[in-house]
Amino acid sequence: MKKYTIVILGGTGDLAVEKLSPSINNIAEKKGIEILLVGIGRRIFSDNEYKAMLENSKFRFSKKVNVKYYQAGFDNKNSLKDLHVFLDKEEKGKSDGRIFYLATSHVFFKNILEQLSKCCFHKEGKINRIVIEKPFGEDLKSYNSLNRLIRKHFSEEQIYRVDHYLAKETIENILVLRMSNPFLERTWNSDFIEKINITVDEKKGIGRRIEYYDKTGAIRDMVQNHLLQILSFILMKPPKTTIPGDVHAEKAKAIKKVYFTGKAFLGQYEGYAEEARKTGNPNSRTETFAELTLKSNDKNWKGTTINLRTGKKLKKKEAKIEIIYKKEPCLLYCNIDTNPNKLVLNIQPEQDVELCINTKTPGSEFEITHESLAFSPTKKFDSDAPQNYELLLWECIKGNKTLFISDIELKEAWKTVDDIRHKIKNNKIITYKEGSEGPSA
Ligand code: BG6
C-alpha cells in the first residue's frame, strides 16, 4: 500500500480544519492509501488533542490516516529546523513522498520555504511537492517576486498552485462539452456568440477575513483568479493534447488576449464600513461587488462582449456561465418573436446544463414558446463526486497538474487585473443593500 506524508503548514486554520482534513480522510478511504497527516501550528496540542480538534462533529479519521502535530511558529527562521527528524521518525522509512501544503498567510512563505528546502525534502527518487494557495501576490510585481522566491527552492514541476474553482464539476466539464459536441465547438466564436456572462454571486459576507479582504477587494479576491480561470476555459483554443503544459499554454494565450473596455460597476454593501472600521479604515473604498465588461483581441472572439460579475451579500449564492448566441436575421418565421439561443452552465448550487431554444406552442398557430433542454449531470449519475479539495489533493498526489494554475497564466491574469485596477481607481463605489441584486441591477 502506498504511503504519503502530507504536512499542513497552518494546521490549525480554517482551511486545514474545514477542507483539507476531511479531504485527506476521504482520499485515504476511497483510494486505499495510507497518509501521515502532520499539522503544524503555533498553538500547543498533543497529537490526540489535535486530532480531536480536526475531527469535530463532522467526521472521524479512518485508520489509514495517522494524525500528528508539530508545534512551530512561522515568523522564526529556525522553527522548522528539526522537522525532518520528526518526519523521519514518524515515517519509519516508509513514505512514497512528501507534500507540503502552505495554508498560512503569504507573509510567512519566505521563512517557510527557506527552511523546508534546507532540511525537509525526501532524498532522490521520492516526490517532494509544494501546494500554495492564493493570494499569489497583490499585483504583477509582487507576484513575480513571490514566484522568484518559490522557484529558488522548488522546480516548476514541484509547485502546485491552487484555484479551487478548477475542481468544480462544471468547470471540468467545459472542455468536454466543447470538444465532444461539434455543434458547439463549430459555433464557439464571435460569428455566433454575442455575449459571455460569468456570474459568481455570494450570499455571505466577509466573515472573519476583513483584515485580508479590505486590502484585496472583489477584483483581486475573485476576478483575478476564479473568474479569469473560468473565462480562459471558454475562450481558449483546443489544446494539442490534454497534458497540463498544452492546456496551460492555451489558457494563458486566451487570458493574454482579453482586455478591459473601461465599463465597470463597483459596489460596497451597506454596513461594510463598520466592519472595515475594525481594521482602522472606516472610509474604505474596497469593492465588495464588481461587474466588468471585457473583450478579446483574438480573431475568433472579436466583437463578443464578456461580462464578469461577482459580489458578496447578494440575494443568493449562484455561480453560472451564460453563452448568449446572436439573434440571427430571421430565416423564415419573421413575424414571430424568437429569443436568442442560450447555453447556461450552472456552477453552483446546481450543476445543470441548459440549452434555451424556441419551439412552437402545441395547438397554436405558430406561436413561439421559449423552452430549455436541461440536464443535471450530478443528479442523473448520483455521483459520489469528490469535494474540490479532495480532488485537488488527489491530483497532486498523482502528479497531475492540469487542475492547477501555471505561472504563465498567473502572469497574464495579473497584467489584466493591474490594467483594470488602474482604470477604475477613480470609479464611484455604489452602496447596495444586503440581499439585493447588486448595484448594476
Ligand atoms: C475564495 C474567496 O477564493 O472563494 C472567498 O477568497 C470566496 O472570498 C470563495 O467566498 C468562494 O468559493 P465558493 O467555492 O464558496 O464559491
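**Close-up views of the ligand site and the nonpolar core**

**View 1. Polar contacts between the ligand and side chains.** In this predicted model, a polar atom in the side chain of glutamate 202 is placed 2.5 Å from an oxygen atom of the ligand. The side chain of aspartate 221 likewise has an N or O atom that lies 2.6 Å from an oxygen atom of the ligand, and for lysine 317 the distance between a side-chain N or O atom and an oxygen atom of the ligand is 2.9 Å. The ligand would expose 400 Å² if taken alone, and the protein buries 86% of that area.

**View 2. The shell of residues around the ligand.** The ligand is surrounded by 13 residues, of which Lys134, Tyr165, Glu202, Asp221 and His226 come nearest. Sorted by class, this shell comprises eight charged, three polar and two nonpolar residues. Helix H9, which spans residues 217–235, gives the most to the shell, contributing three residues.

**View 3. The largest nonpolar core.** The largest nonpolar core of the predicted model holds 84 residues, and those touching the most other members are Leu9, Ile40, Leu116 and Ile196. Helix H9 gives the most to this core, with ten residues, and H9 is also the element that gives the most to the shell around the ligand. At least three residues of the core come from each of two domains, namely domain 1 (3–133) and domain 2 (166–381 + 406–432). As a general tendency, nonpolar side chains in soluble globular proteins are buried together.

Terms used: Residues numbered from 1 in each chain as written. Predicted model: local features only at pLDDT ≥ 70, side-chain atom pairs only at ≥ 80, totals over all residues. Heavy atoms only, no water. Near = heavy atom within 4 Å. Polar contact = N/O pair within 3.5 Å; in protein donor to acceptor, adjacent residues only side chain to side chain. Areas by Shrake-Rupley, 256 points an atom, 1.4 Å probe, with all protein chains shown as cover. Helix = DSSP H or I, 4+ residues; strand = E, 2+ residues; numbered from the N terminus. Nonpolar A, V, L, I, M, F, W, Y, C, P; charged D, E, K, R; others polar. Core = buried A, V, L, I, M, F, W, Y, C linked by side-chain atoms within 4.5 Å. Buried < 20%, exposed > 50% of the residue type's maximum accessible area, 1.4 Å probe, protein only. Domains from an automatic or database assignment.
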